Amino acid sequence: MQITVTSPLLPDLDEFHKLLQQIWDSKWITNNGSFHKQLEAALAEYLKVPYVSLFTNGTLPLITALQALRINGEVITTPYSFVATTHSIWWNGCRPVFVDIEEETCGIDPDKIEAAITPKTTAIMPVHCYGKPVKMKQIQEIADKYGLKVIYDAAHAFGVEVDGESVLKAGDMSTLSFHATKVYNTLEGGALVMQDEQTKKRTDYLKNFGFAGETEVVAPGINSKVDEVRCAYGLLNLKQIDDAIAKRQQVAQAYRVALRNVPGVRFFEDMPGVRHNYSYFPIFINEKEYGMSRDELYFKLRENDIWGRRYFYPLISTFSTYRGLPSASPANLPVATRIANEVICLPMHHGLTDTEINHILDLMVK
Ligand code: T4K
């Protein structure tokens with residue numbers, strides 16, 4: 001039996017069936033229906049943010065945030081992410097400018113941002129990679145100094161808080177992914193989080209073709225409306241999210257206890273004052289100290305039916321669309337380049353059993 005990097009949180013089927021019956025009875029299946037309204041409100045409350053706008057996945061909120069804020073020219077980001085982060089910049093006709101990451105968070109290194117700013121820079125798009133909060137205060141200071149917008153790709157950061165405040169309140173906008181592989185899922189899905197009513201209104205127009213009323217179109221919008229079935233499913237999953245995160249925390253603890261004294265295996269500890277969501281459990285292999293390369297370990301695990309993943313290898317900056325950019329040069333990205341060659345995300349989800357965890361660890365701890 002395969003042990004996969006993740007496994008989706010699924011609502012109780014009988015409960016889901018009851019909500020499906022309501023949808024069938026109402027015959028209202030999409031376009032801002034009742035479950036859609038309920039889910040937006042419930043998520044805003046759970047996430048402790050003023051406004052949430054639901055999307056059909058976690059990529060369209062990135063594309064739409066850039067549209068909503070009328071971003072053009074150059075956008076500073078990191079290559080250590082899922083490819084959707086950089087693609088969203090490209091889809092808006094903007095040029096991505098890669099800045100290296102810091103080892104401590106795998107997020108953008110704030111000390112390297114200013115050197116990448118040019119007269120064409122209009123925004124910074126950092127990523128809270130693995131749900132680890134980046135240095136938001138320092139990033140905002142730079143953005144304020146140069147008059148830049150900040151859009152956080154918070155696809156991994158559902159429910160993450162620093163000193164009791166959601167990371168989704170930082171910057172101008174934050175995006176979430178509710179894909180099956182995420183801590184919280186709505187099958188496919190995502191959201192854009194904003195701080196004011198006007199931006200929420202504009203976002204809602206943009207995800208509905210730009211319609212501001214029956215006969216008025218105010219922007220070249222897209223269709224990213226979420227149907228009632230996914231919203232009903234999402235409402236049920238929200239009820240069990242805290243239990244799922246607690247289970248993930250136990251898995252993280254078990255890994256940490258077993259791996260703490262293994263030479264050549266580095267991993268993240270909890271950060272003080274942070275409510276983590278344990279969305280991923282990345283480990284970083286130092287070949288010399290561990291006595292085996294990252295890839296040797298990765299394939300050894302796979303031979304034993306343990307399907308970790310090398311998120312995020314290869315770097316986005318190495319893909320054909322981007323590798324010609326001056327900022328894509330490995331010399332500009334030494335930390336990201338090294339870490340992409342060291343990382344394996346171990347299986348991490350709410351359903352992992354002790355037997356499975358021990359099986360994984362037995363293969364790793366010599
Ligand atoms: N920004 C960031 C930082 C992101 O990480 C992502 C997505 C986005 C933006 C864009 O959000 P979305 O538009 O995707 O909502 C997965 C996901 O497809 C992707 O959502 C995610 N990041 C990325 C990091 O990982 P794959 O190709 O690695 O997933 P896949 O299909 O190989 O699944 C991994 C494992 O999960 C499987 O081996 C088993 C398990 N699984 C997967 C699915 C789909 C299940 O058990 N059930 C399932 O239904 O990309």
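1. In this predicted model, Lys 182 touches Ala 155, His 156, Ser 177, Arg 248 and Tyr 280, leaving aside residues up to four places away in sequence. These contacts offer a starting point for a reader new to the structure.

2. Where in the chain does Lys 182 lie? Lys 182 is found in the loop that runs between β9 (173-177) and β10 (190-194). Its relative accessible area is 14%, and a residue counts as buried under 20%; Lys 182 is therefore buried.

3. Two annotations from an unreviewed UniProt entry cover Lys 182. One of them reads "modified residue: N6-(pyridoxal phosphate)lysine". The other, "active site", is also taken from the unreviewed entry. Such annotations may be inferred rather than shown by experiment.

4. The note now turns to helix packing. Helix α8 (residues 241-259) packs with helix α12 (residues 354-364) at an angle of about 25 degrees, and their axes are 11 Å apart. Angles under 35 degrees count as roughly parallel, and α8 and α12 are therefore roughly parallel to each other. The crossing in which α8 passes α12 is right-handed.

5. Which residues bring α8 and α12 together? On the α8 side they are Val 251, Ala 254, Tyr 255, Ala 258 and Leu 259, and these meet Ile 357, Ile 360, Leu 361 and Met 364 in α12. By class, the contact of α8 with α12 holds 9 nonpolar residues, with no polar and no charged ones.

6. A second helix pair is formed by α2 (residues 34-47) and α7 (residues 228-239), which pack at an angle of about 35 degrees with their axes 8 Å apart. Here α2 passes α7 in a left-handed crossing.

7. From α2, the contact is made by Ser 34, Phe 35, His 36, Gln 38, Leu 39, Ala 42, Leu 43 and Tyr 46. From α7, the residues taking part are Glu 228, Cys 231, Ala 232, Gly 234, Leu 235 and Leu 238. How do the residues of the contact of α2 with α7 divide by class, and how many are charged? They comprise 9 nonpolar, 4 polar and 1 charged.

Note on methods: Residues are numbered from 1 along each chain as its sequence is written. This is a predicted model: local features need pLDDT of at least 70, side-chain atom pairs count only at pLDDT 80 or more; totals for chains, interfaces and linings use all residues. Side-chain values use heavy atoms; hydrogens and water are left out. Axes are lines fitted to C-alpha atoms, for helices over the stretch in contact, and angles run from 0 to 180 degrees between N-to-C directions. Helices (H or I, at least four residues) and strands (E, at least two) are DSSP runs, numbered from the N terminus. Angles under 35 degrees count as roughly parallel, over 145 as roughly antiparallel, 65 to 115 as roughly perpendicular and the rest as oblique. A crossing is left-handed if the near helix is turned anticlockwise from the far one by less than a right angle, and right-handed if clockwise. Contact means heavy atoms within 4.5 Å. Ala, Val, Leu, Ile, Met, Phe, Trp, Tyr, Cys and Pro count as nonpolar, Asp, Glu, Lys and Arg as charged, and the others, Gly among them, as polar. Buried means under 20% relative accessible area, exposed over 50%, partly exposed in between (1.4 Å probe, protein chains only).
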